[in-house]
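Colleague: Could you take me through how to read charged pairs and burial in a model like this one?

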Amino acid sequence: MKIIQASNYTDLSHKAANIISAQVILNERSVLGLATGSTPIGTYQQLVDWYKKGDIDFSKITTFNLDEYVGLGKEDVQSYRHFMDDHFFSYINAAPTSLHIPNGKAADMEAECTRYETLISDAGGIDLQLLGIGHNGHIGFNEPGDAFEKCTHLVALNNSTIQANARFFHSIDDVPTHAITMGIKTIMQAKKILLIANGSDKQNILEKALYGPVTPFVPASILQLHPDLTVIYCYEANASSSKNKESSC
Ligand code: GLP
């Protein structure tokens, strides 16, 4: 496990973007696992900047996002598909057909989970998986529970996750109660994992995840067992908004 302390959110974003960029330069056909949430926004901005300068070519990558809300599609501004288009996909030269996100509007959720898992394995698995961490230790939408859920599955979101993510919706009642997420096995099979955490509000859970017991009650704790995990963190005062991320730690 490599643990890197960033000096501020910009530094964290540059470091994370550098690792993703190196991955794509070393293997232009990289399969990237991507994450949403406020933490990776700066990483995507940096990658877009380098793309615009001609420093990086995304034309041959394939991507798989971790998760999507059930009931939301591309047209919903709070969907993760919309988030990815808005922050990354619309600005780069990746082939649209190579950018995968679970379909939150699928008629048959079980079939959609199987389809997504098969797509990932058909692509040869994930080379580099980017992760954020939820306040309860979730990765993707793998919520704390009695067991590590293995493959892509349908999940009922915890109240704490619904409350944490309500900031992106008009009201808490609009937050979907369910999501499709890659499972812990899907994530752990990635060849490399890059976990990013920003804000003093993430310090407690990140320390539990990295140094506490490996337990499904802290889903991110399983990452201690991954052979190639890099963690970049910055305990900046408040990570709740992407607008306040330029201040120093
Ligand atoms: C959501 C996503 C997670 C993400 C988490 C933390 O719940 N499903 O993948 O890691 O939010 O988000 P933030 O970076 O906004 O703290």
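Modeller: Let us begin with accessibility in this predicted model, where Asp228 has a relative accessibility of 23% and therefore counts as partly exposed, since buried would require a value under 20%.

Colleague: Which residue forms a salt bridge with Asp228, and how far apart are the closest N and O atoms?

Modeller: The general idea is that side chains of opposite charge can pair when their charged atoms come close. Here the partner of Asp228 is Lys2, with 3.4 Å between the closest N and O atoms. This pair joins distant parts of the chain, 226 residues apart, as Asp228 sits in the loop between helix H7 (203-211) and strand S10 (229-234), while Lys2 belongs to strand S1 (residues 2-5). Lys2, at 47% relative accessibility, is likewise classed as partly exposed.

Colleague: How many salt bridges does the structure hold, and which residues are linked in a network of them?

Modeller: There are seven salt bridges in the structure, and Lys74, Arg81 and Asp85 are linked in a network. Within that network, the side chains of Asp85 and Lys74 meet at 3.2 Å, taken from N to O. Their positions in the chain are eleven residues apart, with Asp85 in helix H3 (residues 80-87) and Lys74 in the loop between strand S4 (67-69) and H3. Asp85 counts as buried, because its relative accessibility is 15%.

Colleague: What is the accessibility of each partner in the salt bridge between Asp127 and Lys191, buried or partly exposed?

Modeller: Asp127 is buried, with a relative accessible area of 12%, whereas Lys191 is partly exposed at 47%. Their side chains meet in a salt bridge of 3.2 Å, again from N to O. The two residues are 64 apart in the chain, Asp127 lying in the loop between helix H4 (109-122) and strand S6 (128-131), and Lys191 in the loop between helix H6 (184-188) and strand S9 (192-198).

Colleague: Turning to a polar side chain without charge, where does Asn142 lie, and which backbone oxygen lies 2.8 Å from a polar atom of its side chain?

Modeller: Asn142 is found in the loop between S6 and strand S7 (153-156), and its relative accessible area of 3% is why the residue counts as buried. The backbone oxygen in question is that of Met182, 2.8 Å from a polar atom of the Asn142 side chain. Beyond its neighbours within four places in sequence, Asn142 is in contact with several residues, among them Glu149, His153, Thr181, Gly183 and Pro219.

Definitions and conventions. Residues numbered from 1 in each chain as written. Predicted model: local features only at pLDDT ≥ 70, side-chain atom pairs only at ≥ 80, totals over all residues. Heavy atoms only, no water. Salt bridge = Lys/Arg side-chain N within 4 Å of Asp/Glu carboxyl O. Helix = DSSP H or I, 4+ residues; strand = E, 2+ residues; numbered from the N terminus. Buried < 20%, exposed > 50% of the residue type's maximum accessible area, 1.4 Å probe, protein only. Polar contact = N/O pair within 3.5 Å; in protein donor to acceptor, adjacent residues only side chain to side chain. Contact = heavy atoms within 4.5 Å.
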